[in-house]
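Colleague: Could you walk me through how to read the features of a model like this one?

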Amino acid sequence: MPDLLIELFSEEIPARMQARAADDLKKRMTDGLVEAGLTYASAAGFSTPRRLALTVEGLLGESPTVKEERKGPKVGAPDKAIEGFLRGAGVARENLEERETHKGAVYFATITKPGRPAAEIIAEVLEDVIRNFPWPKSMRWGAGSLRWVRPLHSVLCILSDEGGAEVVPFEIDGITAGDQTRGHRFMGPDTFSVTSFEDYTAKLKRAHVVLDASERADHIWQDATNMAFAQGLEVVEDRGLLAEVAGLVEWPVVLMGEIGEDFLRLPPEVLQTSMKEHQKFFSVRNPKTGRIEKFVTVANRETADQGATILAGNQKVLAARLSDAKFFWENDVRAVHEAGLEGMAAPLANVTFHNKLGSQADRIARIESLARALAPVTGADADEAALAARVVKADLSSEMVYEFPELQGIMARYYALEAGLSPAVADACRDHYSPLGPSDDVPSDPVAVTVALADKLDTLAGFWAIDEKPTGSKDPYALRRAALGVTRLILTNNLAMNLDRFIDAQLVLHKIELNAPDAKDAEIKALRDILDEIADHGVFGAAFRTVIDKLDGEDEPDTGDGSLLRSVGDAVPDISTDLLAFFHDRLKVFLRDQGIRHDVIDACIAMPGNDDLALLVKRAEALEAFLRTEDGENLLQGFKRANNILTQAEEKDGVEYSFGADLKFAEDDAEKALFAALAEAEPRIEAAMETQDFAGAMSALAGLRSSVDGFFEAVQVNAENEVLRRNRLNLLSQIRKACLAVADLRRVEG
Amino acid sequence: MTGDTFRKPRSFQEIILRLQNYWADKGCAIMQPYDMEVGAGTFHPATTLRSLGSKPWAAAYVQPSRRPTDGRYGENPNRLQHYYQYQVLIKPSPPDLQALYLGSLEAIGIDMDLHDIRFVEDDWESPTLGAWGLGWEVWCDGMEVSQFTYFQQVGGHDCHPVSGELTYGLERLAMYVLGIDHVMDMPFNDPDAPIALRYGDVFRQTEQEYSRWNFDVADTDVLLRHFEEAEAECARILEQTAQDPKMDQRIIMAHPAYDQCIKASHIFNLLDARGVISVTERQAYIGRVRALAKLCADAFVQTEAGGWTPEAVA
């Protein structure tokens, strides 16, 4: 059985696309071959900056012959029908077979599809793969119409076995497949022929190409760590950078260089970022001091001077880059010493955050106001949280962050320390963007937590206020991430807070700012009063009514025709509900990943107090655990049965059976037992719910299970006697009520 | 060029001359700079317009380029508001363009046996020209020495055939080859010439003058008006009928219109340097220039140089 070797040789493939492309080549080729009947033993894909390669071992030499039987018309059918069948099946009349079936004699045709040689199939599949290759971005070149990631120069495609190798006849847009390739651009540019995968990799290596990206990465990492170790240093691990660098070279040569005394005092993050982003250098750290002292660069070739010229050039470029960084750092530090961190933040008044949501300074003021309100909940000092809110984004106007946006927060922390602010404020500068992803660390210091929450909630309220919500895959302001961030901050820090109140307040604040240019002073004042009332009452509706009532009492409040206040009064509750539902959606996704079923979450979201996310999750966890027990599962069935009977009866009778059942009408022992069980469980459930002890409430519910089962076994609810029937329905209603007090079990599936 | 006869260039102008000779040898028409203020060599109609349509083209030229926001009063070692780009455009892109390019580096004294040359992904996009392409920035020992791009679209038109474009930042490249740390110290002509001039002798004063004007003095009201005028004139030119009534022949004025587009683009850059364009307005201005570039591209492909033929119409 032959082996197949394919190489697609092109101009430099972007490093970030190589690994995926090697996988795609393997998957698409082998899928295509198998679909055409060519099975194989094993396959592997490879990539270098200039080539994608695929080896398939133990391929069938030809696809198997396939026989297919087709049923035709009845014997004696009109000639026309038989001729049509013959044409369709591609067989001659004398090859038809007559067979008896339960419908009588029928013609059968056996169609034989002969196997095809592997080379023919390979050429077809390869053409399809090349023409439809899923590059993230592809291009045309010259006068041709073929698309590839960069100009494709040659195709190597051979089938080999013990007898030798032969080229698979294949041609695409003027490129004819052969058995030749070439080595390293500078160290092995001559073409050579290959006869097998082993021959290919061996000759490539002689021509200074390491085919396997992981082998190149291992080599780089080995050499880099050895070099660093020899000097008592360590390389800062960066897998992303390692993979990228391995995709930039065919023949990695590791060189270690000096950073220059002048730059060693820069924050390590600055050195690391500048070296990585601009130069793709690894940072080399002194483990004793934690400082970055050297760098590792990876060249693509050996030279007669052992890389001395290359290293000197790289060092020079680095020095120019770091001079810039040092210049930014020194300017920033000077600015902070002169005007403090709030001084550094001052220019943010001229930076637009969003054309409808004002400047960064407006945004910071809103975050500060929310941070103050949140401080009692998070346990932060309100003044310290407010100060932190004012300065955490100061570095957005620093020179360093202008150059390296990814250092936002990290620089603010350094500048806060330079400005003599507390470590808690400094850490809040760095941490208030967190958490960014579902597995990112969540801050725990109260100041950082406060500002992190305020920042995200203000952003969400703002975009909801102007109705720019995420749709489908479009979420340009990363609002899903912000909502998940708020959720994780609350859950991880176990914060008992009613989100509604803070959402409402921030929505009103946004409404004030959105309407400020056109509104009358009294209208804005009334809205500000509502804001204060929310802080006191915690509920928008009550706050709104209080202020409106007060306005009605005053002599001539010039609030125009009142339409602004009315529209705010109408809009805020709707927007707030919608935003809370968005939080619930994010929470569902998050909890589903933690193994909690969506219907369980729905059952808990349907309960009052669902804007307290920590409480909501406790309830969901307890319910999930409860439903996993046998008692829980059975009680759920009992509840469903009770609810079904009850719902049907209520629909039929047009009444609600919630009068309470009377023990004196209980006839059966099972019925009496249920009365007793309910009498015992109800106060326990109520007590547990009062202390938010969901597990306790559910264990009390569990106590009902046997009585409920017993009741349904022994008792006919819809009795002839109308009094008995009504009493039993009222009893079921009590079961329903007890269950619904804990969670909306109607929403649980199963 | 072999190792022992290999001679390093000694001045900025020698590097330019060697590039001119190299690309002339390779068959390019050596063009002269375009006589208008542009932000990059790409704006020269020899690149922008000639990359459109089906006619083959090969040109190389130096283009003085202006980036008002990069002015540093001549003090920064490598940032200038006025600098030179060397530009090569070949259509259709030849299959050996990478090798040709590497040959040009050798021609200016970069020894391939000692240096590490890398093609690092860098896709090019010019929002003002409605153009994009795929290619690389070319690194020599970690320093970007050129941009290498296969044009895919210009002025909203798909490029058929595709042009290969090379752009060398001449000052930076020359500083590297000559081993100079501050651009103003770079020999402009031969350092042994009777009157040896350094880059600073030629350009330090102008960098100061233009930096001051760009950042603080340029009259923004006048500039805003000029922008509007250029925009209006560009559109007006292209509204004219193809047939010139006086000459009674087809004369589409793609180039005069494109001049107005270039003008609008440069005025936008000046306004940007004066800091009077907000982030949101920026996008709007860029969109307006792009609209002009598209109109000009539409017009150019209706001209003979743009591949239009009377037969194609009939």
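Modeller: Happily; we will go from domains to the interface, then to burial and salt bridges. Keep in mind throughout that this is a predicted model.

Colleague: Let's start with the broad layout. Which domains does the assignment give for chain A?

Modeller: Domain 1 of chain A comes in two segments, 3–62 + 117–206, and domain 2 takes 66–113. Domain 3 spans 213–302, and domain 4 spans 603–747. Between the centres of domain 2 and domain 4 of chain A, taken over C-alpha atoms, there are 67 Å.

Colleague: Now the contact of the two chains. How many residues does each chain bring, and what area is buried?

Modeller: Chain A brings 38 residues and chain B brings 35. The area buried between them is about 3,200 Å², with carbon and sulfur atoms giving 53% of that. On the side of chain A, the residues that lose the most area to chain B are A:Arg140, A:Arg150 and A:Phe186, together 19% of what that side buries.

Colleague: And how should I read the charged and polar pairs there?

Modeller: The general idea is that side chains of opposite charge can pair when their charged atoms come close. Here, four salt bridges are counted between chain A and chain B. One of them joins B:Asp123 to A:Lys137, with the closest N and O atoms 2.9 Å apart. Across the interface there are also 19 residue pairs in polar contact.

Colleague: Which element of chain A gives the most to that side?

Modeller: That is α8(A), with six residues. By class, the side of chain A that touches chain B has 15 nonpolar, 11 polar and 12 charged residues.

Colleague: Let's turn to burial. Is B:His44 buried or exposed?

Modeller: The cut-off to remember is that buried means under 20% relative accessible area. B:His44 has 4%, so it counts as buried. B:His44 sits in the loop between β1 (29–30) and α2 (45–48) of chain B. Leaving out residues up to four places away in sequence, B:His44 touches B:Met31, B:Gln32, B:Pro33, B:Tyr34, B:Tyr61 and B:Gln63.

Colleague: Can a whole helix be read that way? Why is helix α3 of chain B described as largely enclosed?

Modeller: Because nine of its 11 residues (the helix covers 97–107) are buried, the rest of the structure largely encloses α3(B). Among the buried residues are B:Leu97, B:Tyr101 and B:Leu105. The elements that cover them include α1 (12–25), β3 (82–91) and β6 (131–140) of chain B. After α3(B) comes B:Gly109, whose phi is positive, near 100°.

Colleague: Back to salt bridges, then. How many does the whole structure have, over all chains?

Modeller: The search finds 67. Take A:Glu69 and A:Arg99, whose closest N and O atoms are 2.5 Å apart. A:Glu69 lies in strand β4 and A:Arg99 in strand β5 of chain A, so this pair ties together parts 30 residues apart in sequence. A:Glu69 is partly exposed at 47% relative accessibility, and A:Arg99 is partly exposed at 27%.

Colleague: What about A:Arg363 and A:Asp455: buried or exposed?

Modeller: Both A:Arg363 and A:Asp455 are buried. Their salt bridge has its closest N and O atoms 3.1 Å apart. The pair links helix α9 (residues 360–378), which holds A:Arg363, with helix α14 (residues 446–465), which holds A:Asp455, across 92 residues of chain A.

Definitions and conventions:
Residues are numbered from 1 along each chain as its sequence is written. Chains are lettered from A and ligands numbered from 1 in the order in which they are written. This is a predicted model: local features need pLDDT of at least 70, side-chain atom pairs count only at pLDDT 80 or more; totals for chains, interfaces and linings use all residues. Side-chain values use heavy atoms; hydrogens and water are left out. Domain bounds come from an automatic or database domain assignment. Contact means heavy atoms within 4.5 Å. Buried area is the accessible area (1.4 Å probe) that two parts lose on being put together, summed over both. A salt bridge is a side-chain nitrogen of Lys or Arg within 4 Å of a carboxyl oxygen of Asp or Glu. A polar contact is a pair of N or O atoms within 3.5 Å; within protein, one must be able to donate a hydrogen and the other to accept it, and residues adjacent in sequence count only if both atoms are side-chain atoms. Helices (H or I, at least four residues) and strands (E, at least two) are DSSP runs, numbered from the N terminus. Ala, Val, Leu, Ile, Met, Phe, Trp, Tyr, Cys and Pro count as nonpolar, Asp, Glu, Lys and Arg as charged, and the others, Gly among them, as polar. Buried means under 20% relative accessible area, exposed over 50%, partly exposed in between (1.4 Å probe, protein chains only).
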